[in-house]
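Here are some short exercises to work through at your own pace, each with its solution. Have a look at the fold in your viewer before you start.

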Amino acid sequence: MRSLEELKALKEKVQKANAVREDKGAPTVTVHMGTCGIANGARDVLHAVMEEIQTRNLTDVHVKQTGCPGLCHMEPLMTITIPGQTPCLYGKLDPAKAKKVIIQHVVNNQPVVEWLVNAD
């Protein structure tokens, strides 16, 4: 840091990046980050989700992490919860699939049926 302005700019950037983790009653993306999920790539999925949300400037999406839901064989897992709708659990994700889920389900409100774990 060379100046107060640089510090303020950095602070603003970090606050903007972390704003998507605040619950606002908006769509929620939950990445399951138990040890089994992390071992199977959940951290990369979380980074891809955050990247896609920032790229698309989706300020009305809440991102959070949670533990293992008990479906270790389906990891990495991610749940999309849109207010007023049944939560959708996606399994066997990778960063590219996670980005597609954000685009298709969160942005366009069309679940990616082929990756759903809890499909009816």
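## Exercise 1: A patch on a helix

Leu-7 lies in helix H1, which covers residues 4-18. This is a predicted model, so treat the values below as computed from it.

**Task.** Is Leu-7 buried, partly exposed or exposed?

**Solution.** Start with the cut-offs: buried means under 20% relative accessible area and exposed means over 50%, with partly exposed in between. Leu-7 has 44% relative accessibility, so it counts as partly exposed. Next, look at its surroundings: Leu-7 helps to make a nonpolar surface patch of about 340 Å², together with Leu-4, Leu-10 and Val-14. As a reminder, residues three or four places apart on an α-helix point the same way, because there are 3.6 residues a turn.

## Exercise 2: Checking the span of H3

**Task.** What span should helix H3 have, given its 14 residues?

**Solution.** Take the rise of 1.5 Å a residue and multiply it by one less than the number of residues. For H3, residues 42-55, the expected span is therefore 20 Å. Now compare with the model: the end C-alpha atoms of H3 are 20 Å apart, which agrees. Just beyond the helix, H3 is followed by Asn-57, whose phi is positive, near 55°.

## Exercise 3: Into the core

**Task.** Which element gives the most residues to the largest nonpolar core?

**Solution.** First, size up the core: it has 25 residues, and Val-29, Val-31, Val-49, Met-78, Ile-80, Tyr-90 and Val-101 have the most contacts inside it. Second, list the suppliers: strand S1 (28-32), H3, strand S3 (78-81), strand S4 (88-90) and helix H4 (95-107) each bring at least two residues. Third, pick out the main one: H3 gives the most, with 6 residues.

The buried residues of H3 are Ala-42, Val-45, Leu-46, Ala-48, Val-49, Met-50, Glu-52 and Ile-53. Zoom in on Val-49: leaving aside residues up to four places away in sequence, Val-49 touches Val-29, Val-31, Val-63, Met-78, Ala-98 and Ile-102. In soluble globular proteins, nonpolar side chains tend to be buried together.

## Exercise 4: The whole chain

**Task.** How many helices and strands are there in the chain, and what pattern do they follow?

**Solution.** Count the elements: there are 4 helices and 4 strands. Then read along the sequence, and the pattern is α-β-α-α-β-β-β-α. To finish, turn to contacts: among those between residues at least 6 apart in sequence, 64% join residues at least 24 apart. Buried residues make up 38% of the 120 residues in the chain.

Methods. Residues are numbered from 1 along each chain as its sequence is written. This is a predicted model: local features need pLDDT of at least 70, side-chain atom pairs count only at pLDDT 80 or more; totals for chains, interfaces and linings use all residues. Side-chain values use heavy atoms; hydrogens and water are left out. Buried means under 20% relative accessible area, exposed over 50%, partly exposed in between (1.4 Å probe, protein chains only). Patches are made of residues with over 30% relative accessible area and no salt bridge: like charges are joined within 9 Å, nonpolar side chains (Val, Leu, Ile, Met, Phe, Trp, Tyr) within 5 Å. Accessible areas come from the Shrake-Rupley method with a 1.4 Å probe; for residues, only the protein chains shown count as cover. A salt bridge is a side-chain nitrogen of Lys or Arg within 4 Å of a carboxyl oxygen of Asp or Glu. A nonpolar core is a set of buried Ala, Val, Leu, Ile, Met, Phe, Trp, Tyr and Cys residues joined through side-chain atoms within 4.5 Å. Contact means heavy atoms within 4.5 Å.
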